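Trainee: I have a model open and would like to understand the words people use for it. Could we go through them together?

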Amino acid sequence: MKGILLLGGFDYIVTQFGEKPLKEAQKKCHLRKMILPFSDVDEESIKCLINELSINLGLSSKEIMEKVGYYWTLKKAPEFYPQFYEKYNRSVREFLINLNYIHKVVVENVVSSKKLNPPEFEVIREEKNYILLRYISKRNMIHVAIGAIKGLGQYFKEDIKVVKQSDDTMLVHFIQNLSS
Ligand code: HEM
């Protein structure tokens, strides 16, 4: 996976818990000292890192993934990729409908990398007050997606609920639309 998402996660961990737990986990997982936004980080190291942090911080790996996803879309992605937030600035719904396009553009703009393998999202059902989404990826990181959507809710100041329905589906409920 690309270093950029990981760097966002590192930033979150250091901001919340200081440098020590991160440094310890990096050492245990033999992670290269310097990770750049476009570095390729192997999937096993990422799994190892999540496990180690989970032990050190007393959080479940699901909680860690959700928090990292939340921080990514609320704080880091707007900083790294403001273009998407300017283009899809109407609502969480609009952003989600364009999620595959967003990931595709990011991938297309990474020069000389064959390793990018971003997740895909299928809209299974869409109604006025909700969207049912399927998360498609071999990485098993639906909890990053759940956190990322919650982060978008906070970014757009919308009252939303994200409920995991199965290992690969989640319901995004637009609460504020109920009253309109
Ligand atoms: C401007 C917003 C966003 C940008 C620029 C972005 C970009 C990226 C990038 C570069 C990766 C790493 C891909 C790789 O190395 O193969 C990634 C992974 C991921 N993204 Fe996004 N993303 C954005 C928003 C979102 C949102 C809103 C969601 C929630 C549905 C999401 C869900 C994920 C997940 C779950 C992964 C982990 C990899 C996987 O599951 O396969 N992203 N994203």
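**Two domains and a sheet**

Mentor: Gladly! Taken over C-alpha atoms, the centres of domain 1 and domain 2 are separated by 21 Å. Keep in mind that this is a predicted model.

Trainee: Where do the bounds of domain 1 and domain 2 fall?

Mentor: The domain assignment gives domain 1 as 3-63 and domain 2 as 64-179.

Trainee: How do you know that domain 1 and domain 2 are in contact?

Mentor: Two residues are in contact if their C-beta atoms lie within 7 Å. By that test, 16 residues of domain 1 are in contact with 14 residues of domain 2. On the domain 1 side, H1, H3 and H4 each supply at least two residues, and H1 gives the largest share, 6 residues. That side divides into 7 nonpolar, 4 polar and 5 charged residues.

Trainee: What makes the largest nonpolar core a core of 38 residues?

Mentor: A core is a set of buried nonpolar residues joined through C-beta atoms within 7 Å, and the largest such set here has 38 residues. Leu96 and Ala145 have the most contacts inside it. Elements that give two or more residues to this core include helix H2 (20-28), helix H6 (92-97), strand S2 (130-136) and strand S4 (169-174). The core also draws at least three residues from each of domain 1 and domain 2.

Trainee: Which residues does alanine 145 touch, leaving aside those up to four places away in sequence?

Mentor: Alanine 145 touches Gly69, Pro119, Tyr135 and Met170.

Trainee: Why is glutamate 127 called exposed?

Mentor: A residue is exposed if 12 or fewer other C-beta atoms lie within 10 Å of its own. Glutamate 127 has 9 other C-beta atoms within 10 Å, so it is exposed. Glutamate 127 lies in the loop between S1 and S2. Its C-alpha is 9.8 Å from that of phenylalanine 174, with the two positions 47 residues apart in sequence numbering.

Trainee: What makes S1 and S2 a pair of strands?

Mentor: Strands pair if DSSP finds at least two bridges between them. Strand S1 (residues 120-126) and S2 are joined by 6 bridges and run antiparallel, so they pair. One of the bridge partnerships is between glutamate 122 and arginine 134 in S2. S1 and S2 form a hairpin with 3 residues between them.

Trainee: How do you know that S2 and S4 pair?

Mentor: The same cut-off of at least two bridges applies. S2 and S4 are joined by 5 bridges and run antiparallel, so they pair as well. In S4, histidine 173 is the bridge partner of tyrosine 130, and leucine 171 is the bridge partner of leucine 132.

Trainee: Which side chains of S2 are buried?

Mentor: The side chains alternate: Ile131, Leu133 and Tyr135 point to one face and are buried, while Tyr130, Leu132, Arg134 and Ile136 point to the other and are not. S4 likewise has a covered face, Met170, Val172 and Phe174, and an uncovered one, Thr169, Leu171 and His173.

Trainee: How many bridges join strand S3 to S4?

Mentor: Strand S3 (residues 160-166) is joined to S4 by 6 bridges, and the two run antiparallel. They form a hairpin with 2 residues between them.

Trainee: And the ligand: which residues come nearest to it?

Mentor: Of the 24 residues around the ligand, Met1, Lys2, Ser137, Met141 and Ala148 come nearest. By class, the shell has 18 nonpolar, 4 polar and 2 charged residues.

Notes:
Residues numbered from 1 in each chain as written. Predicted model: local features only at pLDDT ≥ 70, side-chain atom pairs only at ≥ 80, totals over all residues. Near = placed C-beta within 6 Å. Nonpolar A, V, L, I, M, F, W, Y, C, P; charged D, E, K, R; others polar. Buried ≥ 20, exposed ≤ 12 C-beta atoms within 10 Å, placed from the backbone. Helix = DSSP H or I, 4+ residues; strand = E, 2+ residues; numbered from the N terminus. Domains from an automatic or database assignment.
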